[in-house]
Amino acid sequence: MSSKRIAVRYATPLLELAEEQSILDKVSADIKGFLALYEGSRDFQLMLASPIIPHLKKASILANLFKGKIEPLTDRFFQTVAKKNRENLLGEIAEEFIRLYNEHKGIQEAVVTTPFALDASLRKSFEKMVKDISGKEPLLKEKVDPSLIGGYTIQMGDRKLDDSVSGQLRSLKLKFSNEKN
């Protein structure tokens, strides 16, 4: 079974249980905190993926790491995932949970890439653009990429809008190379 399907199978019931217990926002905060730790620590990722460390030891590490800092439901979830020997997929499960949570709450995550840092007025403009396109509340993640030269790109799921100078140059180059042939 693919890791994507496994992630969906674990993330969906966690979302449903959290919603049922009226602690969805708290569990979401727990999962976001876990994901920040996971993405920020290569050692943590390697520990979870290691076939040498027994899965019950990993469950113990997770329990000690988050003891008293997360909801009991989130703690039980981590323990269940570890006992099922799926702790190596916790990063993907957490990402899938956040995706499902955003979908449930009507939030559209978008990555805006510009050649410079955004100021407040530009951020508002991009938020409005994302809201107009998706019809959902925008959650912007900003990236700076000087190679764009000018303009911007917006990535929303599998949709990408490229209005950058480098994108236009690539498009022209492709057009001219096709006209030569």
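**Entry 1: the largest pocket**

I began with the largest pocket, which holds about 700 Å³ of space. Its lining has 25 residues. Closest to the centre I found Glu95, Ile98, Arg99, Asn102 and Glu109. I am working on a predicted model, so I keep in mind that local features need pLDDT of at least 70.

Which elements supply at least two residues each to the lining? I noted three helices by name: H1 (3–20), H2 (24–40) and H6 (90–105). Strands S1 (107–114), S2 (137–144) and S3 (151–156) do so as well. H6 gives the largest share, with 7 residues.

I then sorted the lining by class. There are 11 charged residues, 9 nonpolar ones and 5 polar ones.

**Entry 2: helix H6**

H6 supplies the largest share of the pocket lining, and I looked at this helix next. I checked its length. H6 has 16 residues, and at 1.5 Å a residue they should span 22 Å. The C-alpha atoms at its ends are 22 Å apart, which agrees.

Which residues of H6 are buried? I listed Leu90, Gly91, Ile93 and Ala94. Further along come Glu96, Phe97 and Ile98, then Leu100, Tyr101 and Asn102. Ile98 and Asn102 are also among the residues closest to the pocket centre. For the pattern I recalled a general point: an α-helix has 3.6 residues a turn, so residues three or four places apart point the same way.

Just after the helix I stopped at Gly106. Its phi is positive, about 75°.

**Entry 3: strands S3, S4 and S1**

I turned to the strands. S3 pairs with S4 (residues 159–164) in the antiparallel sense, over 6 bridges. The two form a hairpin with 2 residues between them. Gly157 sits in the turn and has a positive phi of about 65°.

I looked up some partners. Tyr152 has Asp163 in S4 as its bridge partner. Ile154 has Leu161, also in S4.

S3 pairs with S1 as well. That pairing is antiparallel and runs over 3 bridges. Here Val112 stands opposite Ile154 in S3. I marked Ile154 twice, once for Leu161 and once for Val112.

**Entry 4: salt bridges**

I reminded myself that side chains of opposite charge can pair when their charged atoms come close. How many salt bridges does the count give? It comes to 10.

I took Arg123 and Glu142 to start with. Their closest N and O atoms are 2.5 Å apart. The pair links distant parts of the chain, 19 residues apart. Arg123 is in helix H7 (residues 120–134), and Glu142 is in strand S2. Are these two buried or exposed? Arg123 is partly exposed, with a relative accessible area of 27%. Glu142 is partly exposed too, at 38%.

Next I read Glu137 and Lys131. They form a salt bridge, with the closest N and O atoms 2.7 Å apart. Glu137 is partly exposed at 44% relative accessibility. Lys131 is partly exposed at 39%.

The side chains of Asp162 and Arg170 also meet in a salt bridge, 3.0 Å from N to O. Asp162 is partly exposed, with a relative accessible area of 35%.

Then I found a network. Salt bridges that share partners join Lys4, Glu96, Arg99 and Glu103 into one. I had already met Arg99 among the residues closest to the pocket centre. Glu96 was in my list of buried residues in H6.

**Entry 5: positive phi outside glycine**

Gly106 and Gly157 are glycines with positive phi. I looked for residues other than glycine.

Ser22 has a positive phi of about 60° although it is not a glycine. Where does Ser22 lie? I placed Ser22 in the loop between H1 and H2. Ser22 is exposed, with a relative accessible area of 67%.

Asn85 came next. Its phi is near 60°, again positive in a residue other than glycine. I found Asn85 in the loop between helix H5 (72–83) and H6. Asn85 counts as partly exposed, at 46% relative accessibility. I applied the cut-off here: exposed means over 50%, so Asn85 falls short of that class.

Methods: Residues numbered from 1 in each chain as written. Predicted model: local features only at pLDDT ≥ 70, side-chain atom pairs only at ≥ 80, totals over all residues. Heavy atoms only, no water. 1 Å grid on protein atoms, 1.4 Å probe; cavity = no way out; pocket = protein on both sides within 12 Å on 5 of 7 lines; lining within 4 Å. Points joined across faces, edges and corners; volume = space filled by probe spheres on them. Helix = DSSP H or I, 4+ residues; strand = E, 2+ residues; numbered from the N terminus. Nonpolar A, V, L, I, M, F, W, Y, C, P; charged D, E, K, R; others polar. Expected span 1.5 Å × (residues − 1). Buried < 20%, exposed > 50% of the residue type's maximum accessible area, 1.4 Å probe, protein only. Pairing = 2+ DSSP bridges. Salt bridge = Lys/Arg side-chain N within 4 Å of Asp/Glu carboxyl O.
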